[in-house]
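Here is a walk through one model, sheet by sheet and then around the ligand. Have the sequence and the 3D view open as you read.

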Amino acid sequence: MFTKIRNGLTLRYSIVMMLLMMAFIVVSSTGLLWILYREEQQDLRSFTEEEAREQAAMYKEKAAFFQFASKEAENVDTEGKIFYYVFGTNGQQAAAAEPAREIRIGVLTIIRNWDAQDGEAELKKFRLPNGDRAVVMLCSMKIYDGPQELGTVFVGEDISSYYHMLKMLLIMMVVISILFLVIAAFAGHLLAGRAIIPIQQAFSRQREFVADASHELRTPLSILLTSVDAVQTDDDQKLSPFSTQVLDDMKNEIRRMTKIVTDLLTLARADAGATNIIREKFDLAIVAEQVLRSLQPQAVVKGITLEMAGDATIPILADRERINQLLLILVDNAIKYTPAGGRVGVLLTTAAAPKPCVMITVHDTGVGIPETQRKLIFERFYRVDKARSREEGGTGLGLSIAKWIVDVHGGKIKVESAPGGGSSFVVTLPV
Ligand code: ADP
């Protein structure tokens, strides 16, 4: 139980950490990208404005745009990463300081297909022939001489290296976050372990108390029961009908208390892992028959038909006493919560797939269990209808013990039911 709590705490802690780290990565990287993008956009726009002005001045002076000599252009390629293309109003390329050779074709294709607004700056990505991704920032601006339009200049900057750097940074941040997450999960596990120590101690003290108290109560209760019996069987006493009734009621209450105390002791020992499970090979069908025989008088009093079906012999390796107790709890409950005239049945079957197992189904035509309560009934002292359970002599511990027995045998218990339409408790036990 505590391992489950510890793991649950660690998991929650790790999920919170992971969400925080993810939020940090997303916020910081988008923030960083946005700032860089805006800066770059502004820089390029002012470069382009300047270039447009220079080209206009050059055109006025020489009736041609300024063209870098190819040697100069090569220098521009390698040193700075800024390049430009000037197109005349007829759409012909009039001048250029070209970008690095490998991205030239890509840039030109983008420029030719780009329906850019005057002064617009945008990030453009494309694949190079070698499969790498190239990223350029492009800005387009019209060149004017007074009111006369001379052409358009496209200024661009190759920012692939920044882009790759940012990508690497992001990958690094993710890797570091994962590393931190692993460390945080480990630390969380350690801390959760420390945090539950006091709870563990309190729980074990309480468990010991319950076990000791139940153990100590058993003897006085059995003395009380024998004393009441002795008073009732003493011939010298002339008991009035009222006194007899009082003594009968006392005996019923003592039996109820004894049952609660025994059930509590069973669960306290189960919690402490102090109950030995002695596995032996036996025939489940014989044990089920015995249980039905022992509960037959109770069923007859209530006018309920008990029936058994399924395989004639079911060999199983389990704790015979505990399986007997499990069947007693389930069939006793079925009788308790089924009105007169109803039917209670036990069906024993085996299944080979997915794993070889034995299935015990205890079904009744009783009051049924509402869907919302079906899981809760396996909790200690949980009763759907307290008054009815008390009236029937229930303690609210039967199904908790049944679940524990199934669990220690590595099996599963589930309930199928419809209010008013009866219930079926299905136990699956590995063979
Ligand atoms: P109890 O001693 O009250 O029967 P259990 O732990 O055995 O305690 O059962 C818990 C509750 O589950 C019961 O109080 C009852 O409301 C419900 N329950 C158990 N078995 C049946 C059944 N066969 N039909 C209807 N309700 C059931």
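## Before we start

A residue counts as buried under 20% relative accessible area, as exposed over 50%, and as partly exposed in between. Keep in mind that this is a predicted model.

Phe381 makes a handy test case: its relative accessible area is 37%, so it is partly exposed. You'll find Phe381 in the loop that runs between strand S10 (357–364) and helix H8 (386–391). Its backbone deserves a look too, since Phe381 has a positive phi of about 65° without being a glycine. For background, most residues other than glycine have a negative phi.

## The antiparallel sheet

Let's begin with the open sheet of five strands, ordered S2-S1-S5-S4-S3, where the pairing is antiparallel. At its edges stand S2 (93–97) and S3 (121–127); each has a single partner strand, so one side of each is left without a neighbour in the sheet. On average, neighbouring strands here are turned by 25° against each other, direction ignored.

Zoom in on strands S4 (residues 133–145) and S5 (residues 148–158): they run antiparallel and are joined by ten bridges. One residue pair to look up is Lys142, whose bridge partner in S5 is Thr152. Two helices lie across this sheet. Helix H3 (residues 101–113) lies across S1 (82–88), S2, S3, S4 and S5, at about 45° to S1. Helix H4 (residues 160–233) lies across S3, S4 and S5, and runs at about 140° to S4.

## A look at Asp158

Is Asp158 buried or exposed? With a relative accessible area of 14%, it falls under the 20% cut-off and so is buried. Asp158 belongs to strand S5.

What does the side chain of Asp158 pair up with? It makes a polar contact of 2.7 Å with the side chain of Ser160. Setting aside neighbours within four places in sequence, Asp158 is in contact with Lys81, Phe83, Ile103, Val135 and Val136.

## The mixed sheet

There is also an open sheet of five strands in the order S7-S9-S10-S12-S11, and here the pairing is mixed. Strands S7 (305–310) and S11 are the edge strands, each pairing on one side only. From one strand to the next, the twist averages 15°.

Inside this sheet, S9 (residues 343–351) and S10 run antiparallel, with eight bridges between them. Thr350, for instance, has Val358 in S10 as its bridge partner. Helix H6 (residues 284–302) packs on the sheet and touches S7, S9 and S10, with its direction at about 170° to that of S7.

## Edge strand S11 and its hairpin

Strand S11 (residues 412–417) has two faces: Ile413, Val415 and Ser417 make up the covered one, while Lys412, Lys414 and Glu416 make up the uncovered one. S11 runs antiparallel to S12 (residues 423–430), and six bridges join the two.

Ser417 has Ser423 as its bridge partner in S12. The hairpin of S11 and S12 has five residues between the strands, and Gly420 takes a positive phi near 85° there.

## An enclosed helix

Why call helix H9 (residues 398–408) largely enclosed by the rest of the structure? Because eight of its eleven residues are buried. Those buried residues are Gly398, Leu399, Ser400, Ile401, Ala402, Trp404, Ile405 and Val406.

Their cover includes helix H5 (241–271), helix H7 (320–336), S11 and S12. After H9 comes Gly410, with a positive phi near 75°.

## Around the ligand

Which residues come nearest to the ligand? Of the 22 around it, they are Asn333, Tyr337, Ser389, Thr395 and Leu399.

Some polar atoms are worth picking out. A backbone N or O atom of Val384 lies 3.1 Å from an oxygen atom of the ligand. For Gly398, a polar backbone atom is 3.3 Å from an oxygen atom of the ligand. Ser423 uses its side chain: an N or O atom there is 3.4 Å from a nitrogen atom of the ligand.

## The cysteines

How many disulfides turn up in a search of the whole structure? The count is zero. Looking at individual cysteines, Cys139 has 0% relative accessibility and so counts as buried. Cys357 is buried as well, with a relative accessible area of 10%.

Note on methods
Residues numbered from 1 in each chain as written. Predicted model: local features only at pLDDT ≥ 70, side-chain atom pairs only at ≥ 80, totals over all residues. Heavy atoms only, no water. Disulfide = S-S within 2.5 Å. Buried < 20%, exposed > 50% of the residue type's maximum accessible area, 1.4 Å probe, protein only. Pairing = 2+ DSSP bridges. Helix = DSSP H or I, 4+ residues; strand = E, 2+ residues; numbered from the N terminus. Axes fitted to C-alpha atoms, helices over the stretch in contact; angles between N-to-C directions. Contact = heavy atoms within 4.5 Å. Near = heavy atom within 4 Å. Polar contact = N/O pair within 3.5 Å; in protein donor to acceptor, adjacent residues only side chain to side chain.
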